[in-house]
Amino acid sequence: MSNDNEIAGAYEVTPAAGYTGDVTPAVAWKILGDRKDAILIDVRTRAEWNYVGVPDLAGLDKKPGLVEWQVFPAMQVNPEFVATLTGAVADKATPLLFLCRSGVRSVAAAKAAAAAGYSTCLNVADGFEGPLDSHGKRGAAGGWKAVGLPWRQT
């Protein structure tokens, strides 16, 4: 049985075309805590990591992988994304959870990783900051920060 089926069978995963599926930030945290081999890959830009913050996985004795899907400031897709990911995570059976600002770039990253042969590629729905709220701001309507998961600014 592949990790893909193990994760999907044990956790609430919404299946998706081209990658394993989507999970809520709370389910992502649970997977990261339960599975020592699971890795969170934050695909936002260096500017976002530096100015907005990053997930704090110290309580799980982990650190997030930081691999830009798009390179700031041009925001072109990073041509080295898969090579960088493969260099950091050689075992393609490793469960990977992809996170971006709102859950859009991380879908593209999950699809690229799945196409490169990774068996379990999950998108963290609503991302780090979530969707815009009724006031046009992020960080309160959903996402990693809004549900109260640990994060820090650098």
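Reader: In β5, which residue is the bridge partner of aspartate 42?

Author: The partner in β5 is leucine 66. This is a predicted model, in which local features need pLDDT of at least 70, side-chain atom pairs count only at pLDDT 80 or more, and totals for chains, interfaces and linings use all residues. Residues are numbered from 1 along each chain as its sequence is written, and side-chain values use heavy atoms, with hydrogens and water left out.

Reader: What makes β3 and β5 a pair?

Author: Two strands pair if DSSP finds at least two bridges between them. Strand β3 (residues 39–42) is joined to β5 by two bridges, so the requirement is met. The two strands run parallel.

Reader: Why are β1 and β5 called edge strands?

Author: The open sheet has six strands in the order β1-β2-β9-β8-β3-β5, and the pairing is mixed. β1 (14–16) and β5 (65–66) each pair on one side only. Helix α5 (residues 105–115) packs on this sheet and touches β2 (19–23), β8 (96–99) and β9 (121–124). A strand here is a DSSP run of E with at least two residues, and a helix is a run of H or I with at least four, both numbered from the N terminus. By that count the protein chain has five helices and 10 strands.

Reader: Which strands does β8 pair with, and through how many bridges?

Author: β8 pairs with β3 in the parallel sense over four bridges, and three bridges join β8 to β9, also in parallel. Phenylalanine 98 of β8 stands opposite isoleucine 41, and the bridge partner of phenylalanine 98 in β9 is asparagine 123.

Reader: How do you know that both faces of β8 are covered?

Author: Leu96 and Phe98 on one side are buried, as are Leu97 and Leu99 on the other. In a regular strand the side chains alternate between the two faces of the sheet.

Reader: Why is threonine 20 counted as buried or exposed?

Author: Buried means under 20% relative accessible area, exposed means over 50%, and partly exposed lies in between (1.4 Å probe, protein chains only). Threonine 20 has 9% relative accessibility, so it counts as buried. This residue lies in strand β2, and its side chain reaches the backbone nitrogen of cysteine 121 at 2.9 Å.

Reader: What are aspartate 61 and methionine 75 called on that scale?

Author: Aspartate 61, at 73%, counts as exposed, while methionine 75, at 31%, counts as partly exposed. Aspartate 61 is in the loop between β4 (54–55) and β5, with a positive phi near 60°. Methionine 75 is in the loop between β6 and β7, and its phi is near 60° as well. Proline 73 lies in the loop between β6 and β7 too, and a cis peptide bond with omega of about 10° joins it to phenylalanine 72.

Reader: How do you know where the buried residues of helix α2 lie around its axis?

Author: The buried residues of α2 (residues 25–34) are Pro25, Val27, Ala28, Ile31 and Leu32. They cover an arc of only 160° around the axis, so they are on the same side of α2.

Reader: How do you know that the radius of gyration of the protein chain agrees with a compact globule?

Author: The radius is taken over C-alpha atoms, and the rule is 2.2 Å times the number of residues to the power 0.38. For 154 residues a compact globule would be near 15 Å, and the protein chain has 14 Å, which agrees. The C-alpha trace spans about 45 × 30 × 30 Å along its principal axes, and 45% of the residues count as buried.

Notes
Contact means heavy atoms within 4.5 Å. Axes are lines fitted to C-alpha atoms, for helices over the stretch in contact, and angles run from 0 to 180 degrees between N-to-C directions. The arc is that of the directions from the helix axis to the C-beta atoms. A polar contact is a pair of N or O atoms within 3.5 Å; within protein, one must be able to donate a hydrogen and the other to accept it, and residues adjacent in sequence count only if both atoms are side-chain atoms.
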